[in-house]
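User: I would like a close look at one helix packing in this model. Please keep it brisk.

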Amino acid sequence: MNRRDSDLQRVFTRRALLLGTTQLGLFGLLAARLYYLQVIEADKYALLADENRISVRLLPPRRGRILDRFGVELATNRRNYRVLMVAEQTDNVDATLNALGELIQIDDTQKQRVKREIERHRRFVPVVVAENLSWEDFAKVNLHSPELPGVQMDVGETRDYPYGVDFSHVVGYVGAVSESELGDDPLLELPGFRVGKSGIEKVYDEKLRGRAGHSQIEVNAYGRAIRELEREDGQPGEDVVLTIDAELQHYAMERFGEESGAAVVMDIHTGDVLSLVSNPGFDPNWFNVGITPAQWRQLSTNKYKPLINKAIQGQYPPGSTFKMLVGMAALEAGAITADTHVFCPGYMEFGNATFHCWKHGGHGTMSLTTALQESCDVFFYEAARRTGIDKIADMAKRLGLGHATGIHLTGERRGLIPTRAWKKAVLGQPWAQGENLVNGIGQGYVLTTPLQLAVMVSRIANNGYAVEPRIVRPKAEFGPEEDPRLAKDRWPQAGIKQDYLALVQDGMIRVTTPPRGTASRARIMQPEYAMAGKTGSAQVRRITRLERETRVRKNDEKPWEERDHALFVAYAPIQAPRYACSVIVEHGGGGSVAAAPIARDLLLRTQILDPSRKNREPAGITTAEKSADKDTGG
């Protein structure tokens, strides 16, 4: 081998070595990378592969129940029989829908919705065609399902309100999640998931909702489910126990009949609300299954406003039911005493205005107790004139008026207790002295809710303890919770002297005492259940001078919208007060005629019903108690 060949050999050897080293390095790097990916990062990529292969789906939990104080179900869950359609399993969606329409009612709107849902999803995803079917319709479709390509039968759960209208304003209802309600809870994004929209359903929605479960589904490359790998059911929602007595609530709704109004019955010591009704109500099941346009028009155009919870959202002049606190404010201010007498000729002159009493010929000489008994306006005109609106407002607020009670329901209104400062700030006008008189008999600017009036009477009847209403029991237990005689110690005193309370209580007892009490004809006949109360009538329009000079029309001569509101507040039994009640009948006329008999029946039934539920027969109402009451004012 010559030198030239030797040099070429050395060059080739060096190049081969360099190439081999390079290749070895590259293979080493590749091996290291493979080791890193397959060994060190194995768990990560196994997880990513599983995420492509496994679909985790949320499982909605069972919604908690809403129960009355004795465990009666007011909101529960029932089976939801549904018909689904899988588009890929039928060659003609329209033909299948038309065939299905021969078996159950499916209108054009539903058909269009189904087709829109099919376009939005992959064709193997089931779409709801109809739900909340009766068992008969479900069975009928199931029988013909082999002839309906793409149709699947399904059984789920939906909310059910067995008492319907009786609890529509208390329990409320659930509905589909709106965009404004979407939050951090992934449950809210589930198709068809329902949340509370009003009442207890809304206030306690998170507690009732529960916690979601999950299911791991193996899917193929197209996302179609193959099999379920793992399933963990969610945590059901908690039950909510109310203070309401379902039987009393149902009776109260029946007692109102066709009248529009509201009533509240509460325990004056514990604050438990035993009944809170607003009539008319609505069927909350309509909203759960999907309210129809015809049903919505029926509710929204009803002049009796069934969608409004009048017990906490209706704001009404309290009329003569306001006179008790005016009397106590006057006593506290030193404007009157127990021995003060005022002569009522049927009117009171003040400045250049004349303020009339409801009794045209007047009541004669009145004291505080007799003025309450006969609901004399002139006595309270004078008491309010001497006291002034600010001191009246202070007493009203201590008795629970002018601010929300804080009850756990949606949409509660505050009412209105005017003051000099309020009028200046809101209306930009100074307070006129004559306004003391008008507001002193519960007219003018004064507005209250039926619940506030029940709280007011409770505080009067329990000797001044500032009890507050509650509608949910603090513990999920049934039956009597605590000794009511001890429960009142939880509440602070409202700062009212016992002597003043005793005078007002005496006046309220006289209201139901014949022959001069304005509600004597609506009294409870059984002495052990006897009630004390106060009638009220609230004008909704001003009586003109011409009407005063000629003749003021009676309520039954006026259109319904122009009639006075009828009010009555009461407590019972007189000897050992336990329950308070407030009733308003919208445009019902005189409180003694329309409202007092309803309150009487509610208080009588409340007392006779055995708390142990061993004896829950309807309370007996005597013929004498059902007798028609004449309009005795206030």
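In which sense, left-handed or right-handed, does α8 pass α22?

Analyst: α8 passes α22 in a right-handed crossing (the near helix is turned clockwise from the far one by less than a right angle; anticlockwise would be left-handed). The model is predicted, so local features need pLDDT of at least 70, side-chain atom pairs count only at pLDDT 80 or more, and totals for chains, interfaces and linings use all residues. Residues are numbered from 1 along each chain as its sequence is written, and side-chain values use heavy atoms, without hydrogens and water.

Helix α8 covers residues 246-256 and helix α22 covers residues 591-608 (helices are DSSP runs of H or I, at least four residues, numbered from the N terminus). Their axes lie 11 Å apart, at an angle of about 160° (lines fitted to C-alpha atoms over the stretch in contact; angles run from 0 to 180 degrees between N-to-C directions). That makes α8 roughly antiparallel to α22 (over 145 degrees).

From α8, the contact uses Glu247, Leu248, Tyr251, Ala252, Arg255 and Phe256 (contact means heavy atoms within 4.5 Å). They meet Pro597, Ile598, Arg600, Asp601, Leu602, Arg605 and Thr606 in α22. By class, this contact has seven nonpolar residues, one polar and five charged (Ala, Val, Leu, Ile, Met, Phe, Trp, Tyr, Cys and Pro are nonpolar; Asp, Glu, Lys and Arg charged; the others, Gly among them, polar).

A second pair offers a reference. The axes of α12 (residues 323-333) and α20 (residues 498-511) come within 10 Å and cross at roughly 150°. α12 is therefore roughly antiparallel to α20. α12 also passes α20 in a right-handed crossing. Met324, Met328, Leu331 and Glu332 in α12 meet Tyr500, Leu501, Leu503, Val504 and Met508 in α20. Here the division is eight nonpolar, no polar and one charged.

Note on methods
Helix = DSSP H or I, 4+ residues; strand = E, 2+ residues; numbered from the N terminus. Parallel < 35°, antiparallel > 145°, perpendicular 65-115°, else oblique.
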